[in-house]
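Thanks for coming, everyone. Please put the sequence and the structure side by side on your screens. I will talk you through them.

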Amino acid sequence: MSKMQRDEVLNYRPGKDSELPLEPGERVAQVFLADQRRYYYDHLVLGGIGAVLVSAVLIWLEKYDQVLVAVIAIIVGMALRAIYFRSEAFARRWQLTDRRLIGPQGRQVMLLEIETVRSLMGDVQIVTKTGAKHLIRHLANAAPVVAAIQAAKTRRAKVVK
């Protein structure tokens, strides 16, 4: 009989327990955390977009009596989602070191492997040379994070040469 392997998803522990340890001599330059105001604003925007789209579809289908119920359901659903996932979202942090970017769930991106760093609707997307994508979500201001990662990458390139 074959042995069943535990799914890695079940090993997730939010917070510092899920992060990779620092290497000897490695130092943390910055830590990026989710912003509470931005977190709730993102949920509000998603709820608003959902309400408008569902309302448009219901009106197109001539189900005028269901628009109000659908909008209320979307607003309540997004509020419950925000409450349910808030502890996980705020436990996630990204550390920028002099060598790499360390994220939650054992994620890491070596600075010299970064192909693109860009702001994406208030979040920061990191794309590696191999095509792997990482997202630092719910930041108060994405521009300084993009600048910090690009500057660290430039500094690392000078050290390696």
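I will go from the overall layout to the core, then to the surface, two unusual backbone spots and the salt bridges.

One caution before we begin. This is a predicted model. Every value I quote is computed from it.

Start with the layout. The protein has 3 helices and 7 strands. What order do the elements run in from the N terminus? They go β-α-α-β-β-β-β-β-β-α. So much for the list of parts; now the overall form.

Along its principal axes, the C-alpha trace spans about 65 × 50 × 30 Å. The radius of gyration is 20 Å, where a compact globule of 161 residues would be near 15 Å. Keep that in mind as you rotate the model.

How much of the protein is buried? Buried residues are 34% of the 161. The accessible surface comes to about 10,900 Å². Carbon and sulfur atoms account for 60% of that surface. Contacts also reach along the chain. Take those between residues at least 6 apart in sequence: 57% of them join residues at least 24 apart.

Now the inside. In soluble globular proteins, nonpolar side chains tend to be buried together. Here, the largest nonpolar core has 18 residues. The residues with the most contacts inside this core include Phe32, Leu96, Val124 and Ile149. Which elements give two or more residues to the core? They are strand S2 (93–97), strand S5 (114–120), strand S6 (123–128) and helix H3 (142–160). H3 gives the most, with 6 residues.

Zoom in on valine 124. Set aside its neighbours within four places in sequence. Valine 124 is then still in contact with Val117, Arg118, His134, Leu135, Ile136, Leu139, Ala142, Val145, Val146 and Ile149.

Stay with helix H3 for a moment. Arginine 155 is found there too. Its relative accessible area is 48%, so arginine 155 is partly exposed. Compare its position with arginine 107. The two are 48 residues apart in sequence, and their C-alpha atoms are 21 Å apart in space.

Next, the outside. Tyr41, Leu44, Val45, Ile49 and Leu53 make a nonpolar surface patch of about 490 Å². Take isoleucine 49 as an example. Isoleucine 49 sits in helix H1 (residues 36–60). With 45% relative accessibility, isoleucine 49 counts as partly exposed.

Now the backbone. Most residues other than glycine have a negative phi. Two residues here are worth a look. Methionine 121 is not a glycine, yet its phi is positive, about 55°. Methionine 121 lies in the loop between S5 and S6. Histidine 138 also has a positive phi, near 60°. Histidine 138 is in the loop between strand S7 (133–136) and H3.

Buried or exposed: which is methionine 121? Methionine 121 is exposed, at 72% relative accessible area. And histidine 138, buried or exposed? Histidine 138 is buried, at 6%.

Last topic: charges. Side chains of opposite charge can pair when their charged atoms come close. The whole structure has 5 salt bridges. I will show three.

First up, glutamate 23 and arginine 99. Their side chains meet in a salt bridge at 3.0 Å, N to O. Why does this pair tie together parts 76 residues apart in sequence? Because glutamate 23 lies in the segment before strand S1 (28–33), while arginine 99 is in the loop between S2 and strand S3 (100–102). Glutamate 23 is partly exposed, at 34% relative accessibility. Arginine 99 counts as buried, at 19%.

Next, arginine 38 and aspartate 42. This salt bridge is 2.9 Å, N to O. Both residues lie in helix H1, 4 residues apart, about one turn of the helix. Both are also buried: arginine 38 has a relative accessible area of 19%, and aspartate 42 has 13%.

Finally, glutamate 88 and arginine 92. Their closest N and O atoms are 2.6 Å apart in the salt bridge. Glutamate 88 is partly exposed, at 27% relative accessibility. Arginine 92 is partly exposed as well, at 29%.

That is the tour. Over to you for questions.

Notes:
Residues are numbered from 1 along each chain as its sequence is written. This is a predicted model: local features need pLDDT of at least 70, side-chain atom pairs count only at pLDDT 80 or more; totals for chains, interfaces and linings use all residues. Side-chain values use heavy atoms; hydrogens and water are left out. Patches are made of residues with over 30% relative accessible area and no salt bridge: like charges are joined within 9 Å, nonpolar side chains (Val, Leu, Ile, Met, Phe, Trp, Tyr) within 5 Å. Accessible areas come from the Shrake-Rupley method with a 1.4 Å probe; for residues, only the protein chains shown count as cover. A salt bridge is a side-chain nitrogen of Lys or Arg within 4 Å of a carboxyl oxygen of Asp or Glu. Buried means under 20% relative accessible area, exposed over 50%, partly exposed in between (1.4 Å probe, protein chains only). The radius of gyration is taken over C-alpha atoms; the globule rule is 2.2 Å times the number of residues to the power 0.38. Contact means heavy atoms within 4.5 Å. A nonpolar core is a set of buried Ala, Val, Leu, Ile, Met, Phe, Trp, Tyr and Cys residues joined through side-chain atoms within 4.5 Å.
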